[in-house]
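User: Please take one loop of this model and examine it closely, then set it against the chain as a whole. Where the geometry or the confidence calls for comment, please include that as well.

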Amino acid sequence: MLVKTTVILFVLVCISACTPYYLYHSPNNSCLQENKHLDSCNSKYIERTDGYSLGFVEIDDKGWFWDENQLSAIVQEIEKHDDVLLLVYAHGWKHNADNGDRDVKRMRDTLKQLAYIEERNPSGPRKVLGLYIGWRGLSVTVPIAKELSFWERKATAENAGQSAAQIMVKLQYYLDKKRAKGSHSSFVIVGHSFGGALVFSAIKPLVLSRLDQSSTVFKKDNQIGDLVVLLNPAFEATKFTAVREAFKNKKGI
């Protein structure tokens, strides 16, 4: 009886400690509508500063876009400038798109530093743009329960990767259009922890498809991003096997 009571109490505590399930960056956001988390979100699709612009695309637990206009907004921002440096970042476990989240703050700091570097670019500064891919990596706040959320959040990240594939393809398309006109734009994709799993889930089928259609690896129309960085990616090494095998016997390695 004591064991059952303890388990029930633990479950109730976990439920009460679940994090808010919000759309944070949109005129249609849910956190501002409840008037409880004014510092957590904003009603704009794009944050603009003198040095950089930052957009958000948020994906729910089932892998659906919260607001498809978020992606349209960053595309419109890309089209405004001839040369851009686009950094896409997917956060990991225990994070989300809350304005107060550590990774959101670090994204802003990184974009600020990139803008500082670009201002000193001898070839002329490119517009620094950031896209933060947000999902509910933080689902509970109770310490023990938070650690036990590992497998559940891993599955959520991989679900989000299915929608993220659409993001990568669309961004690559518009950057390729710029390059066809002589643009010096760059596209960098970074995923951390489960965000690495998210990015890998998104680009794996694209990479395999494009490798299958070409005899060489380094062909411009094969690429997804100029640089893809997976920081401490939280997925099994065996999932990379298909990509590794596809690279074998390709010219240009």
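Analyst: Helices (H or I, at least four residues) and strands (E, at least two) are taken here as DSSP runs, numbered from the N terminus. On that basis the chain holds 7 helices and 6 strands, and their order along the sequence is α-β-β-α-β-α-β-α-α-β-α-β-α. The model is predicted, so local features need pLDDT of at least 70 and side-chain atom pairs count only at pLDDT 80 or more, while totals for chains, interfaces and linings use all residues. Residues are numbered from 1 along each chain as its sequence is written, and side-chain values use heavy atoms, with hydrogens and water left out.

The loop chosen lies between helix H1 (2-16) and strand E1 (46-48), and histidine 25 is found in it. Histidine 25 has a relative accessible area of 0% and is therefore buried (under 20%; exposed means over 50%, and partly exposed in between, with a 1.4 Å probe and protein chains only). Its side chain makes a polar contact of 3.1 Å with the side chain of asparagine 42. Such a contact is a pair of N or O atoms within 3.5 Å; within protein, one must be able to donate a hydrogen and the other to accept it, and residues adjacent in sequence count only if both atoms are side-chain atoms. Leaving out residues up to four places away in sequence, histidine 25 touches Asn42, Lys44, Tyr45, Glu47, Phe56, Glu58, Gln70, Ala97 and Asn99 (contact means heavy atoms within 4.5 Å).

The loop also carries a disulfide, defined as a pair of cysteine sulfur atoms within 2.5 Å. It joins cysteine 31 to cysteine 41, with an S to S distance of 1.8 Å. Both cysteines lie in the loop between H1 and E1, so the pair ties together parts that are 10 residues apart in sequence. Cysteine 31 is buried at 0% relative accessibility, and cysteine 41 is buried at 5%. By this rule the count comes to 1 disulfide.

Confidence should be considered alongside this picture. The mean of pLDDT, the predictor's confidence in each residue from 0 to 100, is 83 for the chain, and 79% of its residues reach 70 or more. Over residues 2-17, however, the pLDDT is below 50, and beyond near neighbours in sequence this stretch has 10 contacts in the model.

Beyond the loop, buried residues make up 49% of the 253 residues in the chain. A nonpolar core is a set of buried Ala, Val, Leu, Ile, Met, Phe, Trp, Tyr and Cys residues joined through side-chain atoms within 4.5 Å. The largest core has 38 residues, of which Leu86, Val88, Ile133, Ile167, Met168, Leu171 and Phe187 touch the most other members. Elements giving it two or more residues include strand E3 (84-90), helix H5 (150-179) and helix H6 (194-212), and H5 supplies the largest share, 9 residues. Isoleucine 167, neighbours within four places in sequence aside, is in contact with Val57, Phe65, Leu71, Leu131 and Ile133. A second, separate core of 19 residues includes Leu54, Tyr89, Val104 and Val128.

Two backbone positions deserve a remark. Most residues other than glycine have a negative phi. Serine 193, in the loop between E5 and H6, has a positive phi near 60 degrees and counts as buried at 13% relative accessibility. Asparagine 232, in the loop between strand E6 (227-231) and helix H7 (241-247), has a positive phi of about 45 degrees and counts as exposed at 61% relative accessibility.
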